[in-house]
Amino acid sequence: MPNVSGGYVWDERFLQYDFGRSHPFTQRSRRSAVRLLEAVLASEGRPSIEHTAEVPVATDEYLESFHQPEYLEFVRRAGRRDGPGYLDRGDTPSFPGCFEASARIAAGASWAFETTHRLNRPTFHPAGGLHHAHPARASGFCVFNDLALAMVAASRSGQKIAYIDIDAHHGDGVMYGLYDSGSVLDIDFHQDGRTLFPGTGFPSEIGEGEGSGLKVNVPIPPGGGDETLLPLFRRLVPPLVRSFRPDLLVLQHGADGHAGDPLARLAYTSKSYDEIDRVVLDLGKELCQSRVVFAGGGGYRPESVVRVFARAGLAALGVELPLGEHPLPGGWRREFEAEWGRPAPSTWIDPEPAGALSRPPPSDYSDELVRELERSLGQPFPRDRDD
Ligand SMILES: [Zn+2]
């Protein structure tokens, strides 16, 4: 498979996953990110990239590997019903065709997993990362858990997966859904559950049974930015992933930890996302033949989502861009302005929006948290071999 540097999946029908214009979650911002990615790829002259725009609806048999049949039936009926309703207690509306739209996004993750396996190159699924969906219920704008489903399939074929989640919200559907899985190492960085939905993800939650010690929760205090996230990421992720020796790496790349996101109170910038992308891709190259899947996730400020996701996708596809004054393509900017009715960002640099000041936690926060995690797990963390 010479010269292929990776793959991405975007089917225009992902836009049918649509909770309505007044809802904060929208695949329209994911489409704007894909358009930006494609504009850059075109200007770089990179034809050797796998892409699919034709994703089927996942089968019931596939969906039942994680979700309960009664829940599938509930979603299917809700999608046929006239009039409004909710799939959960009030965050996740039903809509016509919600079963098919959700099942298509689930199949997108399946494509990303199979393609990274076939190419030995990273793949990107910006519409996915719906990490709150539980086996028997929708939650937090997530209907079917595309990544949990794909990880169940991968683990059934004998693979070990390291799943890393940097969304502002705890990936509860993935973590509790696979809490006893010895095939999935799950490391989740999120705004402290005492201050944000879904209110879970504490250091004491370490997995059970064969999964005991493989679920690692890293809460970040509100206001935490790059200077809080990056030292913890550097300290925890490489040694844990190396000692687990995965066959595949998955990064849930939620962009709602970005400064200025309207639903969370973290203050990450592109500096964090760029470094995390690089570390994960390097670990994939070192440990598992570059079998790495980057997925989307949350993100509610279009200006952040488009840049964070486009840069993640480009990194996965082997296109490295300087953060500096590299201007964004003019044609893409006009498209953004037509879609969103607001000025498009002009460069990759995304300074903290006004009013989103990062508040660093106390200087000993990181050490305290690592000690707490070590106490919970009953053993010291493996040290990075670079230490
Ligand atoms: Zn989120």
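## A guided tour, starting at Asn120

Begin by selecting Asn120, which sits in the loop between helix H4 and strand S3 (residues 123-125). Before you look around, keep in mind that this is a predicted model. The phi of Asn120 is near 55 degrees, a positive value in a residue other than glycine. In general, most residues other than glycine have a negative phi. Is Asn120 buried or exposed, or something in between? Asn120 is partly exposed, because 15 other C-beta atoms lie within 10 Å, and 20 or more would be needed to call a residue buried.

**Stop 1: back along H4 to H3**

From Asn120, select helix H4 (residues 98-119) together with helix H3 (residues 69-80). The axes of these two helices come within 7 Å and cross at roughly 125 degrees. H3 and H4 are therefore oblique to each other. To see where they touch, show the side chains of Val75, Arg76, Ala78 and Gly79 in H3, which meet Cys98, Phe99 and Ser102 in H4. By class, this contact of H3 with H4 has four nonpolar, two polar and one charged residues.

**Stop 2: the sheet**

Now switch to a cartoon view and look for the strands. In which order do the strands of the open sheet lie? Eight strands form it, in the order S2-S1-S3-S8-S7-S4-S5-S6, and the pairing is parallel. At the edges are strand S2 (50-52) and strand S6 (215-220), each of which pairs on one side only. From one strand to the next, the twist averages 15 degrees.

Start at the S2 edge. Strand S1 (residues 7-9) runs parallel to S2, and three bridges join them. Select Gly7 and you will find its bridge partner in S2, Glu50.

Next, move to strand S7 (residues 248-252), which is mostly covered, with five of its five residues buried. Colour Leu248, Val250 and Gln252, which point one way from S7, and then Leu249 and Leu251, which point the other way. Residues pointing in both directions are buried.

S7 has a partner to visit on either hand. Strand S4 (residues 161-165) pairs with S7 in the parallel sense over five bridges, and Tyr163 stands opposite Val250 in S7. Strand S8 (residues 292-295) also pairs with S7 in the parallel sense, over four bridges. Here the bridge partner of Leu251 is Phe294 in S8.

**Stop 3: the loop before S8**

Step back from S8 to Ser290, in the loop between helix H8 (270-287) and S8. Ser290 has a phi near 60 degrees, a positive value in a residue other than glycine. How many other C-beta atoms lie within 10 Å of Ser290? There are 22, so Ser290 counts as buried.

**Stop 4: a cis peptide bond**

Select Phe197 and Pro198, which are joined by a cis peptide bond with omega about 0 degrees. Pro198 is found in the loop between strand S5 (184-191) and S6. As a general rule, most peptide bonds are trans.

**Stop 5: H5 and the glycine after it**

Helix H5 (residues 146-156) has a set of buried residues to highlight: Asp146, Leu147, Ala148, Leu149, Ala150, Met151 and Ala154. Following H5 is Gly158, with a positive phi near 95 degrees.

**Stop 6: two more helix pairs**

Select helix H7 (residues 226-244) and helix H11 (residues 365-377), whose axes come within 10 Å and cross at roughly 40 degrees. That angle makes H7 oblique to H11. The crossing is right-handed. Thr228, Pro231, Leu232 and Arg235 in H7 meet Tyr365, Ser366, Leu369 and Val370 in H11. These contact residues divide into five nonpolar, two polar and one charged.

For the second pair, show helix H1 (residues 27-44) and helix H10 (residues 330-340), which pack at an angle of about 170 degrees with their axes 10 Å apart. H1 is therefore roughly antiparallel to H10. Arg28, Ser32, Arg35, Leu36 and Ala39 in H1 meet Gly331, Trp332, Glu335, Phe336 and Glu339 in H10. This contact divides into four nonpolar, two polar and four charged residues.

**Last stop: Gly324**

Finish at Gly324, in the loop between helix H9 (302-316) and H10. Gly324 is exposed, because only 8 other C-beta atoms lie within 10 Å and 12 or fewer is the limit for that label. To end with a distance, draw a line from Gly324 to Arg80: the two are 244 residues apart in sequence and 49 Å apart in space, C-alpha to C-alpha.

Terms used:
Residues numbered from 1 in each chain as written. Predicted model: local features only at pLDDT ≥ 70, side-chain atom pairs only at ≥ 80, totals over all residues. Pairing = 2+ DSSP bridges. Axes fitted to C-alpha atoms, helices over the stretch in contact; angles between N-to-C directions. Parallel < 35°, antiparallel > 145°, perpendicular 65-115°, else oblique. Left-handed = near helix turned anticlockwise from the far one by under 90°. Contact = placed C-beta atoms within 7 Å. Nonpolar A, V, L, I, M, F, W, Y, C, P; charged D, E, K, R; others polar.
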